[in-house]
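Colleague: I would like to learn how to read a helical model, beginning with the helices themselves and moving on to what is covered and what is not. Could we take one feature at a time?

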Amino acid sequence: MTYGSPGAASMEEAAAGSGGGTPALGLALGELLGDECYADFLREDFDVKTYTSQSIHQAVIAEQLAKLAQGISQLDKELHLQVVARHEDLLAQATGIGSLEGVLQMMQTRISALQSTVDRIRAKIIDPYNKIVSRTAQLAKLQAACDLLRRIIRILYLSKRLQGQLQGGSREITKAAQSLNELGQDSN
């Protein structure tokens with residue numbers, strides 16, 4: 001497990017006395033951070049297994065445990081002093097968090113209501129829109145079919161007229177030629 005520098009930064013701030021703690025404890029914390037025994041814990045590449053194996057290898061376990069216990073005790077005292085010094089701010093933040101949770105819950109409820117309204121409106125719009133699209137496609141197909149039927153009817157009419165003109169003999173030949181020309185134009 002690796003510990004990063006954010007903890008080190010907050011411990012250094014506390015050691016500098018910038019947290020409203022007593023100067024004597026701030027100095028003691030500064031001495032604690034300056035101690036070579038604790039310097040290993042502040043490094044970014046700190047590894048618990050490596051530290052433990054070195055301690056066992058050097059056979060100074062009891063001494064290091066005593067120093068660590070003393071350091072933990074000093075940190076607990078500083079933490080207690082920081083909490084006491086800032087208890088009003090901490091309570092205000094806790095209250096603020098509670099009210100913020102209420103606001104977030106209310107917003108979530110409103111978002112859900114808005115989403116259901118949007119879904120209802122979408123259903124009211126999408127269904128008619130889909131019907132309009134399908135009916136428009138049907139209408140376009142019907143118009144194309146009607147156009148084809150008109151052309152077919154016109155071709156049938158011209159072909160019947162042409163047959164009648166062809167049966168009329170040579171005197172109807174010019175009319176037959178004209179009907180044939182019209183028939184050629186309509187079939188294109």
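Modeller: Let us begin with helix α6 of this predicted model, which has 81 residues and reaches 117 Å from its first C-alpha to its last, close to the 120 Å expected at 1.5 Å a residue. Just beyond, α6 is followed by G169, whose phi is positive, near 90°.

Colleague: What span should the 25 residues of helix α5 have, and how far apart are its end C-alpha atoms?

Modeller: The reasoning rests on a rise of 1.5 Å a residue, so the 25 residues of α5, residues 61-85, should span 36 Å, and the end C-alpha atoms are indeed 36 Å apart, which agrees.

Colleague: How do these helices fit into the chain, and in which order do the elements run from the N terminus on?

Modeller: The secondary structure comes to 7 helices and 2 strands, and from the N terminus on the elements run β-α-α-α-β-α-α-α-α. Among contacts with a separation of 6 or more, 62% are between residues 24 or more positions apart.

Colleague: Which residues in α5 are buried?

Modeller: The general idea is that an α-helix has 3.6 residues a turn, so residues three or four places apart point the same way. In α5 the buried residues are Q64, G71, Q74, E78 and Q82. Take Q82 as the worked case: its relative accessible area is 14%, and because buried means under 20%, Q82 counts as buried. The side chains of Q82 and E78 are also joined by a polar contact of 2.6 Å.

Colleague: Which residues are buried in α6, and what share of the chain do buried residues make up?

Modeller: In α6, L158, L162 and Q165 are buried, while for the chain, buried residues make up 16% of the 188 residues.

Colleague: Turning to the other side of the matter, is L104 buried or exposed?

Modeller: L104 lies in helix α6, which covers residues 87-167, and has a relative accessibility of 53%; since exposed means over 50%, L104 counts as exposed. L104 also belongs to a nonpolar surface patch of about 540 Å², made together with L100, V103, M106, M107 and I111.

Colleague: How much of the accessible surface of the chain belongs to carbon and sulfur atoms?

Modeller: The accessible surface of the chain comes to about 14300 Å², and 62% of that surface belongs to carbon and sulfur atoms.

How values were computed:
Residues are numbered from 1 along each chain as its sequence is written. This is a predicted model: local features need pLDDT of at least 70, side-chain atom pairs count only at pLDDT 80 or more; totals for chains, interfaces and linings use all residues. Side-chain values use heavy atoms; hydrogens and water are left out. Helices (H or I, at least four residues) and strands (E, at least two) are DSSP runs, numbered from the N terminus. The expected span of a helix is 1.5 Å times one less than its number of residues. Buried means under 20% relative accessible area, exposed over 50%, partly exposed in between (1.4 Å probe, protein chains only). Patches are made of residues with over 30% relative accessible area and no salt bridge: like charges are joined within 9 Å, nonpolar side chains (Val, Leu, Ile, Met, Phe, Trp, Tyr) within 5 Å. Accessible areas come from the Shrake-Rupley method with a 1.4 Å probe; for residues, only the protein chains shown count as cover. A salt bridge is a side-chain nitrogen of Lys or Arg within 4 Å of a carboxyl oxygen of Asp or Glu. A polar contact is a pair of N or O atoms within 3.5 Å; within protein, one must be able to donate a hydrogen and the other to accept it, and residues adjacent in sequence count only if both atoms are side-chain atoms. Contact means heavy atoms within 4.5 Å.
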